[in-house]
Each structure stands twice: as C-alpha cells, then as structure tokens.
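Work through these exercises with the model open. Each task is followed by a solution in steps.

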Amino acid sequence: MADAPGPPSFISTLTTQRCSRLCSKDPHTVASSTTARMLLQFVRQFGQKLIRKQPPKPIDESKRPVALLNIQNLVILGVGRMLRGAMYLVAGTVAKYIAGPATIISFLVAALFSMFSGFCYAEFAAWVPHPGSAYLYSYVTMGQLYAFIIGWNSILPLVIGLLVLGARESILVTKISIGTNLLVLIFIIITGFVKGDLHNWRLAEQDYKLNTSGSSDIYGSGSLGLMGSGGFAPFGFEGILQGAATCFYYFFGIDAVATKGVEAINPHHSIPWSIVITIFICFLAYSGVSAALTLMVPYHQIQPHDPLPQAILHSLWLPARYFVAVGTLCALISRLYSSMFRMPALIYAMAEDGLLFRVLTRTHVRTDTHVVAIMSAGNLTGLMALLFTFTNLVDLVSVGTLLVYSLVAFSILVLRYQPDQNLSKNENTEEEIEVPVPDEHQLDSEPEARNSNILKSLWFPISTIPTRKSGQIVYGCASILVLLMIILSVILVQWSSKGFSGDSGYTPGAVLLLLLIIGVTVIIWRQPQSPGTHLYFKVPALPVLPLVSIFMNLYLMMQITSQTWAIFSIWNVIGFLIYFGYGIRHSLENNERQQPASTSQTLDKNTPNPESS
C-alpha cells in the first residue's frame, strides 16, 4: 500500500512521460502536433455551438392550457388554417402550364405526402409538451442550427399569406369568412359539374389547332402555349409530380392541428384522426375546384391571372362570377390570422433567442405590441412582392415547406433511437459532438477488435434500450440515407423526363441506390428504440414512415424549377450570413454558458464577456 502512488503522483508520472516524449521529438513535429490539437479544439467548440439546445421554459400552472379540443374543434381549426385564398389563383396556373386536368391527381399526391408529414409533426410536438412551433421543438430537441434553418424557412409560407391581404380581423370575421368560403367552394364545384363538359378532359390535337386558328382566345392572352399531349394528363407523369410539388403549398398549415396535443382531449386518438380528416376535406375542396375549372374551360384556355371568374364567364353564367368574387375575398380574409399575426411572432421569437437581430424584439411602450417585428414582416413582404411574381413565390414557399417537413421527419427518425432525454433540463448537450484528441498509443491499440465491435453493433446491438453509441449509429445512418435519397431523387427526375426508358442508363444506378437505402434502413431498424412512454402520439411503422416522408419531400423538391432553386439558395445564404455573423455569438444559450464561466477561476483574463461580443 505504501508503494502505490496516489492520484497526484499518478498524474505527475503521466505528465513526465508526456513531456519526455515531446522533448524527444523534432521541434517541427511538436509544433505541428500543437497546431493540430488547437485546430481540433476549435472544431470541437464550434460544433458544440451549433448543437446547443434550449431547455423549454417552465409553464405557469395557472396558465397551462386545458385539454378542451375534440376532433371537431381540431378539424375546424385545421381547415381554417389550411384553406388558402391563393387556390383561386394558382390552380389555374398549375392546370394550364403544369398538369392539365390531372391537377386533381397532383392534389391527391400532395395530400398523401402531407398526411405523412403531419404524423411526424404530431410526434415532434409530443416530444416537447409545450405550446409552440417547429422552431421551438427543434431548438429543444435537435439544436440551435437545426432550429434556425427551420425557423428561417418557416417565414416563407407566412410571406404568401401577407401578400394576400394585410388588415386586422376578429374571430367573428374569421368564422364568417371560412363559412362563406366553403359555401363558395361548394357552389363552384356544383357549377363546374353542371356547366362543364367532359370533352375538355379528352382534348386531342385537332381541338388545340381549332382553338388556336380561330378567335377562341377570348381572354386576349395571345398565345395559348403548348398543349402537351392532350387528354386527361397532357404533361404526363412528370407534370403530375411537378404539379404536386406546387400544390404541396396548399396543405401547409397542418401544424395547427399537430401542435395542439397539449390542448386536445385524448390526443393519441384525436390528433391523428384530425390530421386525416382535415387533409381529406381540403383535398376534396381543392380537387373539386380544379375539376370544375378544367371542366368549364379547356385547360389551355384558362386565364391564369383570373381563372375562376373567367371560367364562369366562359360557361355563360354571368351573375355567378360576382358570387365567386365575394368568395375569393372571404378566402383571403380567412387566411389573415394565420399569417399576419404568426409571422411577426416567429420573427420576434427568433430575435428574442438572439438568432436574429435584437432590435426586432422592441415593443410599443403603451400597447406592448411587437412593432419592429411587425414592420419588418411588412417590409419583407413588400420587397418580395416587388422582386418576384406570385407564382414564383408559391414555388419558393413549396420548397421551404418541403424542407421544413423533411427536417421534422428526420428529427423523429433520430429522436426515437436516442437515450431518454430530460427535456426540462439542458443536460450534457456539449457531449453530443466530441472530437477526440489523437494519441499515437491509443490509435495503435487493437484496431481490428474495435472495427469488429463496430460492425457487430450495427447488426446485433448489445443493449435492448437506446445507448449513446446506438444513437450515434442511427444519426450517421440517417444522414447517409438523406444523401442517398437526394441522389436517387435526381436520377428519378432525369429518368422520368425520358419516360422511364429501360435503355436510358439510369436503371443500374437507381437499383444500386435502392439496395443501399434498404440496407442502411435495416441497420436503423435493428437498433433499439426509446420506449417513449411520455409521448401522447408516436409515428407508426418506424423507421419506414419517416423515411418515406423524407424521400417523397425530396423528390417533390427536385421537381421545382432551377429558377426557384436559385431564389431559395439566395434566401438561405442570407439566413446563414445572419446566423454565422450574428446569431451564433449573440444567442441566449451562448450568453448563458459564458456568464457562469466568467466567475470561474480558470477563465482567462483576456476572454471577452457576453456584453463585449
């Protein structure tokens, strides 16, 4: 016992050995090793900043939401949020230039994809039992950068709502507007089936030539554009999917239902059924209007800037167009609440967390309204309306919506395979990304055994509950799957443009990618899942359903035009400049971590405090 060294002697011995090794080496080797260590330390600290998580704010028990919403209430809320006034404008453009009468199928595809995304959204909200949005949920569960991307791209759909109308409304006006809007939709659908002609869904080339050679262009638009191949789907399967990518915007708003689990009665039953019923009702409305429009007017004669009133005019039922105009106005008004008041609130929340400029948090002294956030939302809307057409903005919103839904599905895929987390505290978030300091003796010790253990853990996990190692495996495999799905989506889009020809050369690549995706999916499936007993709703068929949702969203994103992708890239470049130039240094999480360190005895005197940054 007397010869056994204590902890101080042991540490001293290690230090002496380390120093002797360093002194025996060449000075250049020592310098390069020190530089590598400093670089690795910087990367580690930078990575920790990107994954900082925000603990959910405690809820005052007196203000905790009461579970009063049943399925009927949730459906009304969802339909009111999802029915969009832009439908009266964009439906004509999609039918004329993208999908033709098959716009109905485009809405069906978009509705199916939205339902899968809605289920993922519902579980995402269940992970954080706190009223909020995807921005808050991602900040609590996934980290700061993840939350910023979701929040920044969630601003886009709200811009469209502000472009539609910009006035104050009351709850009574909202109810009246939604009711009138539904009545007008029913009227349009009935009018289309009564006054329409099924021949407009079976147009041939002679019909196109007859219309273009005569004086049938009653709208004065000049050229009628390309007709495609005629028939019900004149632009083929590619046109249907491209139309689905644009139509996906119509179903943005399902989060209004998915995030109400805290306020819902029996949420594990009411939330999924409300999502399905809401999407089904909106699909019937959207597809019914599209069917009526293409039945009343040949799709190549649709006036894209004023489709429904002109379709009524074409059917020679002149008084009805005034009723349609009133319904359009009510639809625009009913969309105001979910955009005019949500966009400044989102901007204010991100600014309050320090991810956007602090000046956006300024409020009016007397009314306590978010004046600067409201003015910023209006200025941003006016600028985008000045620079882009409404159709380009709808495509831009569709890309942003699909990206947000993909990130939500990815979050569900990762969270269910992580060890149980106490989301009420921000514990050990810095340990999620570690950059080990290389040691020559450690790197040389038993590499073969280590590799065999890794391969064994991929297929035969030792533990039956999630561990940190299994969670890292799922995170890495999910990231690989996203990359493979992006490549597969690009191949399928190019392949579909050639009619899925068997001799196009895309077949081997698509089959190989599909096999890789299946193999990586099996690895994720083999990992232990978290019991998730505290979740009021869990996505079924994990990991298949989130992966299908991600792939569908990615495939639809690849259908968007290159011009829209260029605008979307510029939007996100601006966002990343704001985040890396300002938000990453001024976030609340960064300040809260630096403040305790300022009182520590180990803090260097030259380290700046949060105020100086």
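**Exercise 1. State how much area the chain exposes, and what share carbon and sulfur atoms supply.**

Step 1. The model is predicted. Its chain exposes about 29800 Å².
Step 2. Carbon and sulfur atoms supply 66% of that area.
Step 3. Now turn to burial. The chain has 613 residues, and 47% of them count as buried.

**Exercise 2. Count the helices and strands of the chain, then describe the sequence range of its contacts.**

Step 1. There are 25 helices and zero strands.
Step 2. Take the contacts between residues at least 6 apart in sequence. Of these, 84% join residues at least 24 apart.

**Exercise 3. Classify the packing of helix 3 against helix 12.**

Step 1. Locate the pair. Helix 3 spans residues 71-82 and helix 12 spans residues 267-296.
Step 2. Take the geometry. The angle is about 40 degrees, and the axes are 9 Å apart.
Step 3. Apply the cut-offs. Roughly parallel needs an angle under 35 degrees, and roughly perpendicular needs 65 to 115. Helix 3 is therefore oblique to helix 12.
Step 4. Add the hand. Helix 3 and helix 12 make a right-handed crossing.
Step 5. List the contact. Helix 3 contributes Ile-71, Leu-74, Val-75, Gly-78, Val-79 and Met-82. Residues from helix 12 include His-269, Trp-273, Ile-277, Ile-281 and Tyr-286.

**Exercise 4. Repeat the analysis for helix 5 and helix 18.**

Step 1. Helix 5 covers residues 103-127; helix 18 covers residues 390-415.
Step 2. They pack at about 55 degrees, with axes 9 Å apart.
Step 3. The two helices are therefore oblique to each other.
Step 4. The crossing of helix 5 and helix 18 is left-handed.
Step 5. On helix 5, the contact uses Ser-117, Cys-120, Tyr-121, Glu-123, Phe-124 and Trp-127. On helix 18, it uses Tyr-405, Val-408, Ala-409, Ser-411, Ile-412 and Leu-415.

**Exercise 5. Is helix 6 largely enclosed or not?**

Step 1. Helix 6 runs over residues 134-141.
Step 2. Check burial. Eight of the eight residues are buried, among them Tyr-135, Tyr-137 and Tyr-139.
Step 3. Helix 6 is therefore largely enclosed by the rest of the structure.
Step 4. Look just past its end. Gly-143 takes a positive phi of about 125 degrees there.

**Exercise 6. Place Thr-191 and find the partner of its side chain.**

Step 1. Thr-191 sits in helix 8, residues 171-195.
Step 2. Buried means under 20% relative accessible area. Thr-191 has 2%, so it is buried.
Step 3. A polar atom of the Thr-191 side chain lies 2.7 Å from the backbone oxygen of Phe-187.

**Exercise 7. Examine the backbone at Asn-266, Ala-541 and Pro-543.**

Step 1. Recall the background. Most residues other than glycine have a negative phi, and most peptide bonds are trans.
Step 2. Asn-266 has a positive phi, near 50 degrees. Its place is the loop between helix 11 (255-258) and helix 12. Asn-266 is partly exposed, at 36% relative accessible area.
Step 3. Ala-541 also has a positive phi, about 55 degrees. Ala-541 lies in the loop between helix 22 and helix 23. Its relative accessibility is 51%, so it counts as exposed.
Step 4. The peptide bond from Leu-542 to Pro-543 is cis, with omega near 5 degrees. Pro-543 lies in the loop between helix 22 (507-526) and helix 23 (544-557).

Terms used. Residues numbered from 1 in each chain as written. Predicted model: local features only at pLDDT ≥ 70, side-chain atom pairs only at ≥ 80, totals over all residues. Heavy atoms only, no water. Helix = DSSP H or I, 4+ residues; strand = E, 2+ residues; numbered from the N terminus. Buried < 20%, exposed > 50% of the residue type's maximum accessible area, 1.4 Å probe, protein only. Polar contact = N/O pair within 3.5 Å; in protein donor to acceptor, adjacent residues only side chain to side chain. Contact = heavy atoms within 4.5 Å. Areas by Shrake-Rupley, 256 points an atom, 1.4 Å probe, with all protein chains shown as cover. Axes fitted to C-alpha atoms, helices over the stretch in contact; angles between N-to-C directions. Parallel < 35°, antiparallel > 145°, perpendicular 65-115°, else oblique. Left-handed = near helix turned anticlockwise from the far one by under 90°.
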